[in-house]
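Subject: Structure handover

Hello,

Please find the structure below, as agreed. My notes on what turned up in it follow.

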Amino acid sequence: MFGNMVALSRCAAVGVATLAAAGWLGAAPSQAVAPSRFLVVGGTGSSNVAVLGVDSHCGLSTVAGSPFPSGTGALSVAVTPDGRNVYVAQTVSGALSGYRLGAGGGLTPNGVQLDFGEPVVGIVVTPDGSRLFATVGGLTNEIRSYTITSDGSLAPTGAAPLRIPGLSALTMPVFSPDGRFLFLASYVQGQVFSYAVGADSSLTLVGDAQPGGGMPTLPAVTPDGRFLYVSNETTGDLSGFAIGPDGSLTPTPGSRYRTALEPHGAQITPDSKRLYLPAAGGGVIDGFAIAADGALTPLPGSPYAAAGGALVGRVILDPEANCAFVIDALTVHGTSQVHTYALAADGSMAPTGGPIDIGVVFSDGPSGVLTEPR
């Protein structure tokens with residue numbers, strides 16, 4: 001989370017945060033099945049990365065050797081669509097590291113170690129898995145791009161780095177599903193930008209920057225590519241934008257939408273009809289229905305209570321939208337846990353089992369990723 005509660009920690013680490021998590025909820029032993037995908041979560045304060053196996057029933061299991069050592073300040077984690085390569089952005093170490101994700105979920109270095117000497121904040125892989133874009137810097141960020149080779153190594157695309165206007169800091173990028181546009185929110189300036197992505201990886205600003213709320217961050221795009229939602233951490237609301245055919249942004253009806261304190265990154269169901277938003281300060285998960293025009297209305301029973309003694313850092317949905325994995329940001333347990341929730345037909349959430357501790361300290365940012373089925 002980037003909000004008031006962690007402002008001092010952020011400044012000390014040049015605006016970093018941690019992430020982590022993992023949970024446990026498996027079928028009964030007689031029904032146990034092998035993991036079909038993996039949940040990868042980075043830890044900043046503990047300098048490691050956790051991996052959990054996820055089976056077809058939303059059961060979680062700890063991968064042998066997890067958590068795996070990493071650099072310091074992992075604020076963002078990205079995985080290639082084939083689930084083979086994991087990249088970790090490190091704000092304190094000032095580096096970008098790469099790992100190979102094995103068939104059993106183990107992580108081994110894949111030779112990628114880019115040392116920038118300044119914070120690496122956000123990273124995102126293009127939907128086709130061909131390139132990686134990174135935001136780098138302290139109070140001012142620039143966007144750099146890399147080609148992902150067949151062995152997972154990174155090579156500069158040749159496109160010139162692009163400086164984000166103003167005092168951006170802590171900018172987290174996200175692609176449209178077709179990879180044509182890159183969206184990001186300037187955490188300090190309170191603005192939301194849209195860029196057209198060229199075939200050569202060049203970026204061209206689309207239209208004017210749109211105003212966000214207080215400390216906007218962690219943008220999320222609906223899978224159908226029609227809407228963009230951005231969390232405003234200090235004003236406790238969510239900005240919504242309709243995405244035009246040219247990538248331009250227009251506020252959705254009723255934006256901004258009220259949430260609990262410190263909203264922390266929306267997650268959207270594959271059908272683009274529901275949105276879930278952890279609120280670290282409020283200790284709840286807000287749920288919204290997405291209308292045809294992008295307007296949001298609360299789901300039945302929303303907001304949903306998070307586990308006691310924890311601040312909610314991230315919600316990860318399974319692709320079938322049957323369950324959600326809720327990751328602690330901060331917790332009285334010291335190390336983060338993952339809690340499993342079932343999603344009902346009307347979108348409501350209910351806890352379904354005890355958590356699992358995965359050995360990472362303080363979770364933050366887009367550093368939890370669920371891989372595609374294997």
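I begin with one pair of strands: strand 24 and strand 25 run antiparallel and are joined by 2 bridges. Across this pairing, Ile 268 faces Leu 275 of strand 25. Please keep in mind throughout that this is a predicted model.

Strand 24 and strand 25 make a hairpin that leaves 5 residues between them, and in its turn Ser 272 has a positive phi of about 65°. Most residues other than glycine have a negative phi, and most peptide bonds are trans. Ser 272 is thus worth a look, being a residue other than glycine with a positive phi. It lies in the loop between strand 24 (267-268) and strand 25 (274-279). Is Ser 272 buried or exposed? Its relative accessible area is 6%, and the cut-off for buried is under 20%, so Ser 272 counts as buried.

Strand 25 itself is mostly covered, with 6 of its 6 residues buried. In a regular strand the side chains alternate between the two faces of the sheet. In strand 25, Arg 274, Tyr 276 and Pro 278 point one way, while Leu 275, Leu 277 and Ala 279 point the other way, and all are buried.

After strand 25 comes another hairpin, formed with strand 26 and having 4 residues between the two strands. Gly 283 sits in that turn with a positive phi of about 65°. The pairing of strand 25 with strand 26 (residues 284-290) is antiparallel and extends over 6 bridges. One of the partners across it is Ala 289 in strand 26, which bridges to Arg 274.

Other strand pairings

Strand 19 (residues 216-221) is also mostly covered: 6 of its 6 residues are buried. It pairs with strand 20 (residues 227-232) in the antiparallel sense, over 4 bridges, and Ala 220 stands opposite Tyr 229 of strand 20. These two strands form a hairpin with 5 residues between them, and Gly 225 in the turn has a positive phi of about 75°.

There is also an open sheet of 4 strands, in the order 5-6-7-8, with antiparallel pairing. Its edges are strand 5 (74-79) and strand 8 (107-115), each of which pairs on one side only. From one strand to the next, the twist averages 20°. Within this sheet, strand 6 (residues 85-90) and strand 7 (residues 95-101) are paired antiparallel over 6 bridges. There, Val 86 is opposite Tyr 99 in strand 7.

Disulfide

How many disulfides does a search of the whole structure find? The search gives 1. A disulfide is a covalent bond between the sulfur atoms of two cysteines. Here the partners are Cys 58 and Cys 323, with their sulfur atoms 2.0 Å apart. The pair links distant parts of the chain, 265 residues apart: Cys 58 is in the loop between strand 2 (48-54) and strand 3 (60-62), and Cys 323 is in strand 30 (residues 323-331). The torsion about the S-S bond of Cys 58 and Cys 323 is about -85°, so the disulfide is left-handed. Cys 58 and Cys 323 are both buried.

Backbone points to check

Two cis peptide bonds are listed here, together with a further positive phi. Ser 66 and Pro 67 are joined by a cis peptide bond, with omega near 5°; Pro 67 is in the loop between strand 3 and strand 4 (68-69). The bond between Ser 302 and Pro 303 is cis as well, with omega about 5°, and Pro 303 is in the loop between strand 27 (296-298) and strand 28 (304-305). Ser 47, which is not a glycine, has a positive phi of about 50° and is placed in the loop between strand 1 (37-43) and strand 2.

Whole chain

The protein chain has 1 helix and 34 strands. Its radius of gyration is 19 Å, close to the 21 Å that the globule rule gives for 374 residues, so the chain is as compact as a globular protein of that length. The C-alpha trace spans about 55 × 45 × 35 Å along its principal axes. Of the 374 residues, 59% are buried. Among contacts between residues at least 6 apart in sequence, 50% join residues at least 24 apart. The accessible surface comes to about 13000 Å², and 57% of that belongs to carbon and sulfur atoms.

Regards

Methods:
Residues numbered from 1 in each chain as written. Predicted model: local features only at pLDDT ≥ 70, side-chain atom pairs only at ≥ 80, totals over all residues. Heavy atoms only, no water. Disulfide = S-S within 2.5 Å. Buried < 20%, exposed > 50% of the residue type's maximum accessible area, 1.4 Å probe, protein only. Pairing = 2+ DSSP bridges. Axes fitted to C-alpha atoms, helices over the stretch in contact; angles between N-to-C directions. Rg over C-alpha atoms; globule rule 2.2 N^0.38 Å. Contact = heavy atoms within 4.5 Å. Areas by Shrake-Rupley, 256 points an atom, 1.4 Å probe, with all protein chains shown as cover.
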